[in-house]
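Here are my notes on this entry, set out as numbered points. Please read them with the coordinates open.

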Amino acid sequence: MTGLGDIAAVGADLRRGGFSRHGYDRAELELREWFTAEAGRRGLDVECDGNGNLWAWWGAPGDGAVITGSHLDSVPGGGAFDGPLGVVSALEAVDVLRAKGFTPGKPFAVVVFAEEEGGRFGVACLGSRLLTGAITPEAALRLSDSDGVTLAEAMRAAGLDPARVGPDQRALRRIGTFVELHVEQGRGLVDLGALVGVARSILAHGRWRVTVTGEGNHAGATLMVDRRDPMVAAAQVVLAARRAGSAVEGARATVGRLVPNPGGTNVIPSSVDLWLDARADDDARTRAVVAEITAAAQAAAADEGCAVTVTEESYGDTVVFDAALRDSVAGVLGGVPALPTGAGHDAGILAAHVPTAMLFVRNPTGISHAPAEFAEPDDCAAGTRALADVLEELAR
Ligand code: HGY
Ligand code: MN
Ligand code: MN
Ligand code: MN
C-alpha cells in the first residue's frame, strides 16, 4: 500500500508550515515522478496529456472510461490531504480490486490533474479547465507566477510542450465517469456521525483581482494630509468583503492575498493588488457580493484619491452533481449522506461534460487549506474501501 507518508517530505514548507506544492514547481514535479513510479509499479501505463494532466491506465486506454483521482498540488502552506488523499486512495483502490481478482470490464485510469489550487498561476482547476475548454490556451499561457514565470515557460522547463495546451476532445471522450475522493472541507460528516459521504453540490465561486493605485512616497516625510495611500483603500476592501459576505445568506468572501508594491515598511505603496475569493449558493448571490465589494472599493479609492480596477480572473457557476450517479454511489455504500461543499474541484469542472461524483472522507475539525487539515488513518482506509466498491460497480 502507498500511504501519504511516502510523500510527507516532498514540498514540506518549513517557513509556513504544511506543504507548498504548486504546478510544475520542484515539489510538484517530484510528486509527478512519484506517481509515475507508483503507477508503473502496479503495471499501469502513464501518459501526460497536452495540458499536463497525468493518466495511469489499467489496461488499454479507451473512450467511456471509469476515471478516478485528484491532484497533487496544494495551496501555499496547505494540508497533507487536499488532493493527495484522492490520488493515494485511487492507487490503493486499484490494489484492493486486484487483490480481489477484479479486472475492469471498461477502460479504467487514475488521473492527476495539474494546478488544481491555482497556487502558482492563480486559476484553480487549470488542468481540467484547459482540457474542457473552460479557459482558452491563450489566456492560460499568459498567466504568470509571482516571479513573472509564465505557464508556457514553466511547462517548457518541465519538459512539456505549451503548443499542445488547449481543449482536448480525445481526453474528454475517454472520461465516461469521474469519481474524486477528497478529504471533507467542513464538519458535515463529523456532525452527522458518518465516515464517508457523497457530494451534492459546489457553491458558485470565483476570484477577482483588485488593483488600487495611489502615489508612492516616503513614510516619514509625507504628511498624513498629503497621502494617496492605496493600502488604506485596500483595507476598506477587506472590510467590505467581510460585510458583503455576511449580508448574503450562505455567501463567503475572503481576501487571502494582498501584495503592496513595492512593499517596504517605510514606503507608502504606489499600488496594492489584492485577490478576492467570493462564493455563494448561486450566480446571482455571488455576483451581488462582488458588486457590493466593488462599489465599496470604488468609494474607498475615491476618498483616498486613488484609482481602482476589479478584474475577474476565474469563475464557475454552481455545480449540482449528477443525481443518478450520486444516488447509485450512495447506494453502493449503503446509503451515505449527500453534502454540499464550498470548495471547488476538478470534478466540478468536469461535471458540465460528463457524469462525475465525489466521495468525502470525514475531517475531525473541518479545517482545510491549512497545516491542521486532517483525516484519521482508519477513516482514510474506509474511504479507500468505499472508493474501491464504487469503482468495482462502475467498471464491471
Ligand atoms: O479553492 C478551492 O475551493 C479548491 O480547493 N481549489
Ligand atoms: Mn483545495
Ligand atoms: Mn482538492
Ligand atoms: Mn530614505
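Is Cys125 buried or exposed?

1. Cys125. This residue is buried, because 27 other C-beta atoms lie within 10 Å and the cut-off for buried is 20 or more. Cys125 sits in the loop between S4 and H3. The backbone there deserves a check: Cys125 is not a glycine, yet its phi is positive, about 60 degrees. Most residues other than glycine have a negative phi, and most peptide bonds are trans.

2. Confidence. The model is predicted. The protein averages a pLDDT of 98, and 99% of the residues score at least 70. The scores for the model are ipTM 0.92 and pTM 0.97. As a general caution, where pLDDT is low, the predicted coordinates should not be read in detail.

3. Other backbone points. Tyr24 also has a positive phi, about 65 degrees, although Tyr24 is not a glycine. Tyr24 lies in the segment before helix H1 (26-41). With 24 other C-beta atoms within 10 Å, Tyr24 is buried. A cis peptide bond runs from Asn261 to Pro262, with omega near 10 degrees. Pro262 belongs to the loop between strand S9 (252-261) and strand S10 (267-268).

4. Domains. The domain assignment gives two parts: domain 1 (4-203 + 318-395) and domain 2 (204-316). Their C-alpha centres are 32 Å apart. Domain 1 puts 9 residues into the contact, and domain 2 puts in 11 residues. On the domain 1 side, the residues touching domain 2 comprise 4 nonpolar, 5 polar and no charged residues.

5. Ligand 1. Which residues are around ligand 1? They are Glu116, Glu117, Ala124, Ala343 and Gly344. By class, the shell holds 2 nonpolar, 1 polar and 2 charged residues. Glu117 appears again in the next point, through a UniProt record.

6. A gathered binding site. In an unreviewed entry, UniProt places the feature "binding site" at Asp82, Glu117 and His369. These positions span 288 residues in sequence, but no two of their C-alpha atoms are more than 9.7 Å apart, so they gather at one spot.

7. Asp82. This residue lies in the loop between strand S3 (65-71) and helix H2 (84-99). Asp82 is buried, with 27 C-beta neighbours inside 10 Å. Leaving out residues up to four places away in sequence, Asp82 touches Ser74, Val183, Ser368, His369 and Glu373. One of these contacts, His369, is itself a position in the UniProt feature.

8. Glu117. The loop between strand S4 (108-113) and helix H3 (126-132) holds Glu117. Glu117 counts as buried, with 24 C-beta neighbours inside 10 Å. Beyond its neighbours within four places in sequence, Glu117 is in contact with Asp73, Ser74, Val75 and Ala124. Ser74 is also on the contact list of Asp82. Ala124 is also among the residues around ligand 1.

9. A spread set of positions. The "binding site" feature also appears in UniProt (unreviewed entry) at Arg207, Asn266 and Arg279. How far are these positions spread in space? They reach up to 35.5 Å between C-alpha atoms, over 73 residues of sequence. I would read this annotation separately from the gathered one in point 6.

10. Arg207. Strand S7 (residues 204-213) contains Arg207. Arg207 counts as buried, with 21 C-beta neighbours inside 10 Å. The cut-off for buried is 20 or more. Aside from neighbours within four places in sequence, the contacts of Arg207 are Trp275, Leu276, Asp277, Glu313 and Ser314.

11. Arg279. This residue is in strand S11 (residues 271-280). Arg279 is buried, with 23 other C-beta atoms within 10 Å. Not counting residues up to four places away in sequence, Arg279 touches Leu203, Ala204, His205, Ala251, Arg252, Thr286 and Gly342.

12. Val238. Helix H8 (residues 230-247) contains Val238. Is Val238 buried or partly exposed? Val238 is partly exposed, with 17 other C-beta atoms within 10 Å. Val238 and Ile135 are 103 residues apart along the chain, and 28 Å separates their C-alpha atoms.

How values were computed. Residues numbered from 1 in each chain as written. Chains lettered and ligands numbered in written order. Predicted model: local features only at pLDDT ≥ 70, side-chain atom pairs only at ≥ 80, totals over all residues. Domains from an automatic or database assignment. Contact = placed C-beta atoms within 7 Å. Nonpolar A, V, L, I, M, F, W, Y, C, P; charged D, E, K, R; others polar. Near = placed C-beta within 6 Å. UniProt positions renumbered as here; feature names shortened; annotations may be inferred. Helix = DSSP H or I, 4+ residues; strand = E, 2+ residues; numbered from the N terminus. Buried ≥ 20, exposed ≤ 12 C-beta atoms within 10 Å, placed from the backbone. pLDDT = per-residue confidence, 0-100.
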